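These are my notebook entries on one structure. I looked up its pockets, its sheets, the helices packed on them and its enclosed space.

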Amino acid sequence: MLRPGDRVALVACSDGLTKRDEPELARLHAALADLGLAVTESPLLFDDRDVAARAAVLEAFGRDPGIAAVLDVSGGDLAGGVLTHLDLEAAARPPFFGYSDLTTLANALHARTGRTTHLWSPRNLVRSDGAAQVARFRASVLGDADDLFRLRTVMVRGEAMAGPMIGGNLRCLLKLAGTPHLPEPRGAVLALESLGAGARAVQAGLHQLRQMGVLDVVAGVLLGTFTALEREQGEDAAARIALEVVPPDVPVAVTRDFGHGPDSRALRLGAHWDSRTH
């Protein structure tokens with residue numbers, strides 16, 4: 001996907017960064033340099049007042065043949081505003097990496113252009129699991145391995161699931177409901193995780209997906225980590241709720257390798273995923 005010497009662009013299409021993010025951003029620059037990558041920053045990393053301007057920055061990076069990938073280092077609430085103004089075809093040319101609220105952009109870029117996008121936080125390279133993340137990134141993004149994308153899964157209903165991967169953060173995916181940006185769910189593996197949602201919010205989100213008809217047509221539901229819910233009710237809480245809401249003929253699996261933790265691995269949205277090979 002990338003080679004040493006390539007240039008990557010850092011953007012913030014959700015909430016702008018703040019002064020307290022500066023030390024981690026500096027470490028990220030160093031980590032990317034150690035990987036042999038050159039870095040260009042969006043001039044609006046710390047300014048989220050104008051969503052149209054930030055959409056224009058992302059489009060400009062997409063049109064620039066010297067940019068080999070776009071790494072979004074933000075999260076929060078504002079990515080949907082950028083999406084309103086975005087030329088998706090222009091933005092989708094280089095591989096896109098982002099997480100959390102970037103669930104909206106990553107799924108929309110795939111849904112509208114057919115390109116594979118990557119749901120993963122580049123800031124994981126310099127967080128507590130940084131050494132392992134750097135090794136996976138080097139092997140999988142600068143090499144031909146799949147370490148960064150390999151999810152260890154356990155089936156809790158059914159024997160297997162396979163199909164193109166869609167989804168991400170539950171709250172942020174639901175921002176695409178009723179828009180043309182929601183990816184096609186029929187035959188897809190729907191991955192879901194959450195940071196702050198408790199039991200009621202997770203239950204409500206799953207019911208909304210069922211009412212939308214999504215859960216009736218997917219090939220399976222893959223549950224990552226649900227940070228707040230697990231704190232309240234244990235690691236199996238999301239699976240217990242899902243088994244009550246997801247139609248009984250739809251397979252359900254769980255993984256600890258996808259979520260808001262610093263050790264989270266990446267999803268390739270739009271790429272084929274098979275539980276039997278993970």
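**Entry 1. The second largest pocket**

Which residues line the second largest pocket? I worked on a predicted model, and there I found the lining to consist of Arg-152, Val-154, Val-156, Gly-224, Glu-230, Glu-235, Asp-236, Ala-238, Ala-239, Val-254, Thr-255 and Arg-256. The space in this pocket comes to about 160 Å³. I then sorted the lining by class and obtained five nonpolar, two polar and five charged residues. Three elements each supply at least two of the lining residues: β6 (153-157), α11 (237-245) and β10 (252-255). I therefore turned next to the sheet that holds β6 and β10.

**Entry 2. The sheet with β6 and β10**

I traced an open sheet of six strands, in the order β6-β10-β9-β8-β7-β12, with mixed pairing. Which strands stand at the edges? They are β6 and β12 (272-274); each has a single partner strand, so one side of each has no neighbour in the sheet. On average, and with direction ignored, neighbouring strands here are turned by 35° against each other.

I noted how α11 sits against this sheet: the helix packs on it and touches β6, β9 (220-226) and β10. The direction of α11 makes about 150° with that of β9.

I then recorded the individual pairings.
- β6 and β10 run antiparallel and are joined by four bridges; Thr-153 stands opposite Thr-255 in β10.
- β9 and β10 run parallel and are joined by three bridges; Leu-223 stands opposite Val-254 in β10.
- β7 (residues 162-169) pairs with β12 in the antiparallel sense over three bridges; Ala-162 stands opposite Asp-274 in β12.

Two of the residues named here, Thr-255 and Val-254, also belong to the lining of the second largest pocket.

**Entry 3. The packing of α8 on α11**

I asked at what angle α8 and α11 cross. The axes of α8 (residues 199-211) and α11 come within 10 Å and cross at roughly 35°. The crossing is right-handed. From α8, the contact uses Ala-199, Val-202, Gln-203, Leu-206, His-207 and Arg-210. From α11, the contact uses Ile-241, Ala-242, Glu-244 and Val-245. By class, I counted six nonpolar, two polar and two charged residues in this contact. The helix α11 thus appears in three of my lookups: it meets α8, it packs on the sheet, and it contributes to the lining of the second largest pocket.

**Entry 4. The other sheet**

I traced a further open sheet of six strands, ordered β2-β1-β3-β4-β5-β11, and its pairing is again mixed. The edges are held by β2 (38-41) and β11 (267-269), each with a single partner strand, so each has one side without a neighbour in the sheet. Neighbouring strands in this sheet are turned by 25° against each other on average, direction ignored.

Within it, β1 (residues 7-11) and β3 (residues 69-72) pair in the parallel sense over four bridges. Val-11 stands opposite Asp-72 in β3.

Which helices did I find on this sheet? Helix α1 (residues 22-34) lies across β1, β2 and β3, and runs at about 165° to β1. Helix α5 (residues 103-113) touches β4 (96-98), β5 (117-119) and β11. The direction of α5 makes about 155° with that of β5.

**Entry 5. The largest pocket**

I recorded about 540 Å³ of space in the largest pocket. Its lining has 29 residues, and those closest to its centre are Ser-74, Gly-75, Gly-76, Ser-100 and His-260. How does this lining divide by class? I found six nonpolar, 15 polar and eight charged residues.

**Entry 6. Cavities**

I searched the whole structure for cavities of 30 Å³ or more, and three were found. The largest cavity holds about 50 Å³ of space. Its lining consists of Ile-166, Gly-167, Leu-173, Leu-182, Pro-183, Pro-185, Leu-190, Leu-209 and Val-214. Are charged residues present in or absent from this lining? They are absent: the classes are eight nonpolar, one polar and no charged residues.

Definitions and conventions
Residues numbered from 1 in each chain as written. Predicted model: local features only at pLDDT ≥ 70, side-chain atom pairs only at ≥ 80, totals over all residues. Heavy atoms only, no water. 1 Å grid on protein atoms, 1.4 Å probe; cavity = no way out; pocket = protein on both sides within 12 Å on 5 of 7 lines; lining within 4 Å. Points joined across faces, edges and corners; volume = space filled by probe spheres on them. Nonpolar A, V, L, I, M, F, W, Y, C, P; charged D, E, K, R; others polar. Axes fitted to C-alpha atoms, helices over the stretch in contact; angles between N-to-C directions. Left-handed = near helix turned anticlockwise from the far one by under 90°. Contact = heavy atoms within 4.5 Å. Pairing = 2+ DSSP bridges.
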